[in-house]
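The following exercises concern a predicted model. Each task is followed by a solution that proceeds step by step.

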Amino acid sequence: MAIVHLSKDNFKEEVLESKVPVLVDFWATWCGPCQTMGPLMEEIAEERTDIKVCKLDVDQEQELARQYRVMSIPTFLVFKDGEVVKRDMGVMSKEEVEGLVG
């Protein structure tokens with residue numbers, strides 16, 4: 001499945017109302033570590049059909065970033081049934097990222 005790009009307009013539908021676990025990558029275009037994680041997130045999105053992988057640009061969606069207390073990027077949140085169940089940040093290995101989702 002392709003990565004879903006989030007905005008305030010589709011966040012509720014794509015994340016909070018999702019029937020499958022959602023991995024959200026909070027990132028920015030100017031962030032080096034975020035760029036490093038990009039291809040990895042694409043890979044996970046392609047391979048894992050049991051989860052949804054989303055990206056949220058913190059510069060474009062500052063309100064959502066604030067709401068979920070994203071202080072540094074990249075930050076990864078895992079949502080299940082509309083709730084944040086896991087949170088981590090920084091450059092991680094594919095195994096570490098997939099470990100967040102289970």
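Two strands pair if DSSP finds at least two bridges between them.

**Exercise 1. Establish how strands S2 and S4 are related, and place them in the sheet.**

Solution. Begin with the bridges: strand S2 (residues 22-27) is joined to strand S4 (residues 75-80) by 5 bridges. The cut-off is at least two bridges, so the two strands count as paired. Their sense is antiparallel. One of the partnerships can be named, since Val22 has Phe79 in S4 as its bridge partner. Next, widen the view to the whole sheet, which is open and consists of 5 strands in the order S1-S3-S2-S4-S5, with mixed pairing. Its edges are strand S1 (4-5) and strand S5 (83-89), each of which pairs on one side only.

**Exercise 2. Describe the hairpin of S4 and S5.**

Solution. S4 and S5 are antiparallel and share 6 bridges. Among the partners, Lys80 is matched with Glu83 in S5. Between the strands of this hairpin there are 2 residues, and Asp81 adopts a positive phi near 50 degrees.

**Exercise 3. Determine which strands helix H4 touches, and classify the packing of H2 against H4.**

Solution. Helix H4 (residues 94-101) packs on the sheet, where it touches S2, S4 and S5. The direction of H4 makes about 30 degrees with that of S4.

For the helix pair, two quantities are required: two packed helices are described by the angle between their axes and the distance between the axes. Helix H2 (residues 32-47) packs with H4 at an angle of about 50 degrees, and their axes are 10 Å apart. H2 is therefore oblique to H4. The crossing of H2 past H4 is right-handed.

The residues in contact follow. H2 contributes Met37, Leu40, Met41, Glu43, Ile44 and Glu47, while H4 contributes Lys94, Val97 and Glu98. Sorted by class, this contact of H2 with H4 comprises 5 nonpolar and 4 charged residues, with no polar residues.

**Exercise 4. Classify the aromatic pair of Phe11 and Tyr68, and state which parts of the chain it ties together.**

Solution. The structure holds 3 aromatic pairs. One of them is formed by Phe11 and Tyr68, with a centre-to-centre distance of 5.6 Å and 40 degrees between the planes. Planes under 30 degrees apart count as stacked and those over 60 as edge-to-face, so this pair is tilted. Phe11 belongs to helix H1 (residues 11-16), whereas Tyr68 is in the loop between helix H3 (62-67) and S4; the pair therefore ties together parts 57 residues apart in sequence.

Conventions:
Residues are numbered from 1 along each chain as its sequence is written. This is a predicted model: local features need pLDDT of at least 70, side-chain atom pairs count only at pLDDT 80 or more; totals for chains, interfaces and linings use all residues. Side-chain values use heavy atoms; hydrogens and water are left out. Helices (H or I, at least four residues) and strands (E, at least two) are DSSP runs, numbered from the N terminus. Contact means heavy atoms within 4.5 Å. Axes are lines fitted to C-alpha atoms, for helices over the stretch in contact, and angles run from 0 to 180 degrees between N-to-C directions. Angles under 35 degrees count as roughly parallel, over 145 as roughly antiparallel, 65 to 115 as roughly perpendicular and the rest as oblique. A crossing is left-handed if the near helix is turned anticlockwise from the far one by less than a right angle, and right-handed if clockwise. Ala, Val, Leu, Ile, Met, Phe, Trp, Tyr, Cys and Pro count as nonpolar, Asp, Glu, Lys and Arg as charged, and the others, Gly among them, as polar. Rings of Phe, Tyr and Trp (its six-membered ring) pair if their centres lie within 6.5 Å; planes under 30 degrees apart count as stacked, over 60 as edge-to-face and the rest as tilted.
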